[in-house]
Amino acid sequence: MIEPDPIGNDAREAEHLRKLGPPPHICLFCGIDDPIVLLRKTLAWLQARVPPRLLEEHHVGGENHDPNLTVLLCRTCHWKVTAGYFRAGIDMRYEPDEQKRRWRKQQARGAFLIALGEDMVEESTTQLKEIGNDRT
Amino acid sequence: MIEPKIIDLRVHTEILELPAGARKGRRSPGEPLVVDCRVTQVDPAGWSKCVLVLDCETTIDQTQKLLFGSYQYCRERGSEFLAVQEGIFYADNLDAQSLAILRQYCDVHKLSWVSQSEFWERVFWRAVRAGSLIVGFNLPFDISHSALDGCWTPRRGGAWSFTTQQFADAETGEMREDRCFPRFVITPKDGKGAFYRLTKAVRVSKNRPRVIIKKYPAIRCADLKTLIWALQSKSVSLESACELYGLPGKVSGYKPTGQVSVAEIEYNRTDVSRTVGLLNAVRADFDGHPIKLTPEKAFSPASIAKGYLDAMGIIPPREKFTLGPEILGIAMQAYCGGRAECRIRHTPVPVVYTDFLSQYPTVNTLMDLWSILTAEQLQIEDATDEVRDLLSQTTLDRVLDRDFWKKLRFFALVVPDEDVLPVRSDYNGQTSNIGLNPLTSSVPIWCAGPDLVGATLYKGQPPKVVKAFKLVPVEKQAGLKSVKLRGLVDIDPRIDDFFKKVIEERARIKRANEHDPLAYFLKILANAGSYGLFVEVNPEKLGNNPKTGKPARAKVRVYAGEDTFEPTSEFVEYPGRWYFPPIAALITAAGRLLLAALERAVTDAGGTYLMCDTDSMAVVASESGGLVPCTGGPHHLPDGGEAVKALPWTEVQEKIVTRLDSLNPYGRDAVSEPILKIEKVNSSNGKQRELYGYGISAKRYALFSRTSDGLQIEGL
């Protein structure tokens with residue numbers, strides 16, 4: 001296909017990248033790293049424009065333990081992460097004792113980071129296998 | 001006879017306060033990058049993904065008005081740039097006939113064509129927004145002739161400021177500058193390169209029908225002429241550059257006519273294509289250096305050398321050493337450039353032209369300055385008694401001992417009394433020059449160690465030392481790592497002396513293949529990295545105060561020796577990242593000491609010299625020696641005329657070249673030639689020949705030979 005305006009296309013793409021900010025440009029969970037399909041938006045923008053069915057606010061430390069720290073996840077990822085909390089045996093119910101509540105919050109955060117870590121390991125291993133560079 | 005003179009001394013300066021509205025200055029070492037919200041927030045790395053290559057044709061009269069130009073927009077494919085769009089732009093005021101020729105040509109060849117104004121708006125600025133590298137050969141010429149308007153601005157030391165967009169005033173209909181677009185500013189650096197930048201594009205132009213202010217990233221411009229100078233230390237034309245990189249040279253013998261014709265258009269398009277080809281070849285050369293340097297920042301061989309110092313993990317001295325500015329002030333007072341002198345004027349004499357092997361890398365090695373550059377810390381230790389002892393025992397034989405040179409890393413405050421020292425003064429009533437002459441001063445002056453040793457050699461007794469200190473490197477800094485020069489020659493800064501290793505490797509490679517470009521590169525690298533960067537200061541003139549219209553003045557602190565004062569100045573100095581005058585002052589002083597030792601060896605043999613210049617000396621010598629007529633000479637001819645003694649060639653070899661070779665710091669297995677070389681110009685067909693020299697003043701001399709046809713100039 002003949003590209004009628006390569007300079008214009010590159011200018012648009014470069015401006016898009018500038019708006020994304022410095023790399024890496026990657027979705028935290030899905031692993032999509034094509035910067036063209038990514039947008040850098042504030043939480044307020046997402047909440048205002050994206051239908052709640054598509055993105056959900058996940059409480060990293062559990063809503064009952066830590067209502068402030070949240071990240072936006074798609075429904076699938078939110079479900080997977082929450083299921084991971086239950087699998088890890090973390091009690092997500094409200095705990096009136098402040099000390100215990102803090103520990104549960106830490107448990108939940110830890111489980112979240114484990115899920116994130118496992119996801120990243122899995123993703124990178126797949127990528128390495130695809131390019132035939134996996135020495136394991 | 002003592003002639004009273006005012007002498008000039010260099011100083012170290014620091015900016016205390018810039019006037020309101022002045023630029024806040026360049027980044028100091030260690031200072032984080034100040035983010036300008038108008039431009040890209042990150043320093044670009046490596047090559048860009050796309051480039052815009054342009055070239056323009058002008059009339060060939062004095063006005064050099066733009067006729068037309070062509071461009072190629074290229075994208076990166078692998079490690080090369082390939083054109084994805086080509087077009088032609090024409091001058092806004094081009095006549096109808098020329099326009100018709102251009103139009104027909106573009107239709108036939110299916111090229112996009114735009115006017116000069118449209119080129120800037122639809123091609124250039126969009127390419128800039130795409131992050132393109134703007135490339136040309138002699139780029140300032142193409143930019144300045146393609147611009148719509150331009151003027152010289154005296155601000156910041158002077159620069160050319162170009163208008164790239166205009167609009168028709170809604171009221172008057174006149175074409176006016178459109179300030180919604182940035183101005184393109186080109187600041188000449190030297191004959192080899194320039195700095196490029198954009199001004200702010202924030203002012204809304206009055207009576208402009210529509211206002212669109214776009215954000216532009218920092219502009220990236222690479223002039224291939226400058227880049228090749230940095231890589232090859234050669235000043236080239238497009239033809240010679242193509243030849244240098246093994247690309248097809250001039251396709252036809254066409255010469256620009258200054259008129260629009262099909263041949264002229266073809267010529268212009270071919271030049272752009274050749275520039276793209278050259279860009280790819282230069283890129284391959286540039287990428288062979290494992291350094292973190294962007295092509296638009298490679299202004300000279302020193303830029304490449306600095307890149308290698310960074311690649312070896314060396315932290316610039318001022319960033320790691322906790323030395324006060326007073327030490328820098330002392331070192332700057334002791335700093336002078338190389339020695340250049342004409343001893344015999346207006347009299348032709350037979351000479352042997354000699355030259356020190358890579359003088360500055362050699363003195364770096366002799367004084368082991370690499371241990372200072374790679375040290376964790378640098379201590380200043382009092383060495384007054386030590387220096388007095390050292391100077392009192394100075395003889396030529398001691399100077400010709402390599403170990404002696406490591407003791408010369410000192411600075412001393414002396415009271416000169418007929419001591420032969422480098423002095424910067426007004427000798428000709430017009431300019432300030434450096435002369436090596438007897439100096440008497442009641443005011444003490446700081447001098448570098450090698451200069452004081454040289455003064456002792458000349459006078460036979462040491463200068464009066466008030467106090468002295470030496471530089472003592474402490475431990476090796478952490479983070480040093482080995483690097484492969486041009487991907488081929490291993491250097492480990494923890495073990496190797498960089499300068500020594502580079503010169504040795506160069507000699508090895510050159511012995512195997514005299515024309516190996518790697519040998520030439522190593523020579524450039526050693527010379528570029530051994531001195532200039534340590535005394536790089538970039539002076540800048542402040543602009544006028546916008547309120548008063550008078551020149552703005554900055555408050556600065558001046559360190560002159562141990563004295564400090566705080567004047568105001570229209571000029572400010574920004575030191576380079578590797579600026580460290582103690583090293584620079586020692587290097588040039590040591591270079592002068594090499595010449596002093598050579599001069600002493602010559603005079604010990606009863607001879608004299610025509611001239612000397614930094615690292616070279618033309619010794620008066622002939623095949624069989626003897627007296628040569630010379631007014632003012634110490635000898636007399638049988639007819640009573642004054643004369644100087646020419647040394648026989650054998651004596652130059654035995655009493656001078658061989659004697660000075662005891663200083664050779666390089667491994668004999670690598671560098672087989674003596675440290676003082678008898679230059680090739682002295683030989684013809686492998687045999688030494690009678691060479692003559694004629695000098696007018698410092699740096700103005702000619703070497704020539706006598707042939708049956710008369711005189712043959714051999715060097716200037």
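**Confidence**

pLDDT is the predictor's confidence in each residue, on a scale from 0 to 100. I began with this score, since what I have open is a predicted model. For chain B, I find the confidence lowest in strand 10 (residues 166-168), with a mean of 81, and highest in strand 18 (residues 410-415), with 97. I note for chain B a mean pLDDT of 89, with 94% of its residues at 70 or more. I then looked up residues 24-43 of chain B, where the pLDDT is below 50, and noted that this stretch has 22 contacts in the model beyond near neighbours in sequence. For the model I wrote down an ipTM of 0.72 and a pTM of 0.81.

**Where chain A meets chain B**

I looked up the contacts between the chains and found 10 residues of chain A in contact with 13 residues of chain B. On the side of chain A that touches chain B, I sorted the residues into 5 nonpolar, 4 charged and 1 polar.

**Sheet 8-9-12-13 of chain B**

Here I traced an open sheet of 4 strands in chain B, in the order 8-9-12-13, and noted that the pairing is antiparallel. Its edge strands are strand 8 (149-153) and strand 13 (193-198) of chain B, each of which pairs on one side only. From one strand to the next I have a twist that averages 25°. Strand 8 of chain B runs antiparallel to strand 9 (residues 159-163) of chain B, and 5 bridges join them; looking for the bridge partner of Cys151(B), I found Ser161(B) in strand 9 of chain B. I also checked helix 3 (residues 139-146) of chain B, which packs on this sheet and touches strand 8, strand 9, strand 12 (184-190) and strand 13 of chain B, its direction making about 150° with that of strand 12.

**Sheet 17-22-18-21 of chain B**

I next followed an open sheet of 4 strands in chain B with the order 17-22-18-21 and antiparallel pairing. Strand 17 (375-382) and strand 21 (445-448) of chain B stand at its edges with a single partner strand each, so I find one side of each left without a neighbour in the sheet. The twist averages 25° from one strand to the next. Between strand 18 and strand 21 of chain B, I noted antiparallel pairing over 4 bridges, and within strand 21 of chain B the bridge partner of Leu413(B) is Trp446(B). Lastly I looked at helix 9 (residues 325-334) of chain B, which packs on this sheet, touching strand 17, strand 18 and strand 21 of chain B, and whose direction makes about 80° with that of strand 21.

Notes
Residues numbered from 1 in each chain as written. Chains lettered and ligands numbered in written order. Predicted model: local features only at pLDDT ≥ 70, side-chain atom pairs only at ≥ 80, totals over all residues. Contact = placed C-beta atoms within 7 Å. Nonpolar A, V, L, I, M, F, W, Y, C, P; charged D, E, K, R; others polar. Helix = DSSP H or I, 4+ residues; strand = E, 2+ residues; numbered from the N terminus. Pairing = 2+ DSSP bridges. Axes fitted to C-alpha atoms, helices over the stretch in contact; angles between N-to-C directions.
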